[in-house]
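Grab a coffee and work through a few exercises on the fold shown here. Try each task yourself before you read its solution.

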Amino acid sequence: MEIKFPYGQSTLSIAIEDRNIAGFVTPELPLAVDSLQEIRRALKNPIANPGLKEIVKEKHPRSIVILVTDISRPIPYQEILEGLLEELQAGGGDAQIKFIIATGAHRPNTELETAEVFGKMAQQYTFLNHDCDSNLVAMGTLKDGTKLLINKDVSEADMVIITSCIMPHNLAGFSGGPKLILPGVAGRKTIEANHSMMTSQQVGPGNIRNNPISEQIVEAASLVGVDFSL
């Protein structure tokens, strides 16, 4: 049997003998009928927080930084950000909005990749790649003594919003959420200190209980201060 796997903008075909196929695992959750409507619903009715519009009205931010993932994560950003920007505008905010691509220690997005992922928004807004070796400020010390070095633009913003996806991660348990702070917009030395705990027995995909890497990531996000996560 020939099985095709998505690979970048194309597919890879792999031939497997029928006798070696035990079965196929497919998602059991239903697809959203209207994904943009589902995003709008989540923004208005988030978990354990006021809606994004209410947060903007309360804070009156002059500057907003929205953290987005790099090209390595499969996220439908054009739909996600359309709903997000609608809510920011509905909150009456006339703040300067800047997007930071949370690369961590990965390579930066190219201009073409940014245009492909974000469409017309790439021309309407400022998109900056995080650089883990420059434009950093110290935002305190973590419990184990690690200095928390964070992107300067993030540290100076009146409001910080995270956008990401939830998927298993071999070190942090799960990707997304606070991981866009550490390693996403952290300095190299902070990232290295976090990843140096990878030999702990509690580290592994899907595990956040007593996982020192995950716990430090959450601690870092708390120190930086995240206003909303989508």
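Below are four exercises, each followed by a worked solution.

A few ground rules come with the model. It is predicted, so local features need pLDDT of at least 70 and side-chain atom pairs count only at pLDDT 80 or more, while totals for chains, interfaces and linings use all residues. Residues are numbered from 1 along each chain as its sequence is written, and side-chain values use heavy atoms, with hydrogens and water left out.

**Exercise 1. The sheet**

Work out the order of the strands in the open sheet of 5 strands, and which strands sit at its edges.

Solution. Strands here are DSSP runs of E with at least two residues, and helices are runs of H or I with at least four, numbered from the N terminus. Two strands pair if DSSP finds at least two bridges between them.
- Start with S4 (residues 96-102): it pairs with S3 (residues 63-69) in the parallel sense over 7 bridges, and Ala102 is the bridge partner of Thr69.
- Now go to S5 (residues 126-129), which pairs with S4 over 4 bridges, again parallel; Ile100 stands opposite Leu128 there.
- S3 also pairs with S8 (residues 159-162) in the parallel sense over 4 bridges, with Ile162 as the bridge partner of Leu67.
- Put together, the order reads S5-S4-S3-S8-S11. The edge strands are S5 and S11 (228-229), each pairing on one side only.

As a bonus, 6 of the 7 residues of S4 are buried (under 20% relative accessible area; exposed is over 50%, partly exposed in between, 1.4 Å probe, protein chains only), so S4 is largely enclosed by the rest of the structure.

**Exercise 2. Helix H8**

Describe how H8 starts, what it packs against and what comes just after it.

Solution.
- H8 covers residues 212-224 and reaches 18 Å from first to last C-alpha, close to the 18 Å expected at 1.5 Å a residue (1.5 Å times one less than the number of residues).
- At the N-terminal end, Asn211 acts as the cap, with a side-chain oxygen 3.0 Å from the backbone nitrogen of Ile213.
- The buried residues of H8, including Ile217 and Val224, pack against S6 (136-141), S7 (147-151), H6 (152-156) and H7 (188-195).
- Just after H8, Gly225 takes a positive phi of about 90°.

**Exercise 3. A lysine on the inside**

Find the side chain with which the side chain of Lys179 makes a polar contact.

Solution.
- Lys179 sits in the loop between S10 (173-174) and H7.
- Lys179 is buried but has no salt bridge (a side-chain nitrogen of Lys or Arg within 4 Å of a carboxyl oxygen of Asp or Glu). The nearest side chain of opposite charge, Asp70, is 8.6 Å away.
- The partner is the side chain of His169, at 3.4 Å.

**Exercise 4. Salt bridges**

Sort out which parts of the chain are tied together by the Asp227–Lys59 and Arg188–Asp133 pairs.

Solution.
- The structure holds 11 salt bridges.
- Asp227 and Lys59 meet at 2.8 Å, N to O. Asp227 is in the loop between H8 and S11 and Lys59 in H2 (residues 52-59), so the pair links parts 168 residues apart in sequence.
- Asp227 counts as buried at 18% relative accessibility, whereas Lys59 is partly exposed at 38%.
- Arg188 and Asp133 also come to 2.8 Å. Arg188 is in H7 and Asp133 in the loop between S5 and S6, so this pair ties together parts 55 residues apart in sequence.

Methods
Contact means heavy atoms within 4.5 Å. A polar contact is a pair of N or O atoms within 3.5 Å; within protein, one must be able to donate a hydrogen and the other to accept it, and residues adjacent in sequence count only if both atoms are side-chain atoms. Lys and Arg count as positive and Asp and Glu as negative; His and the chain ends are not counted.
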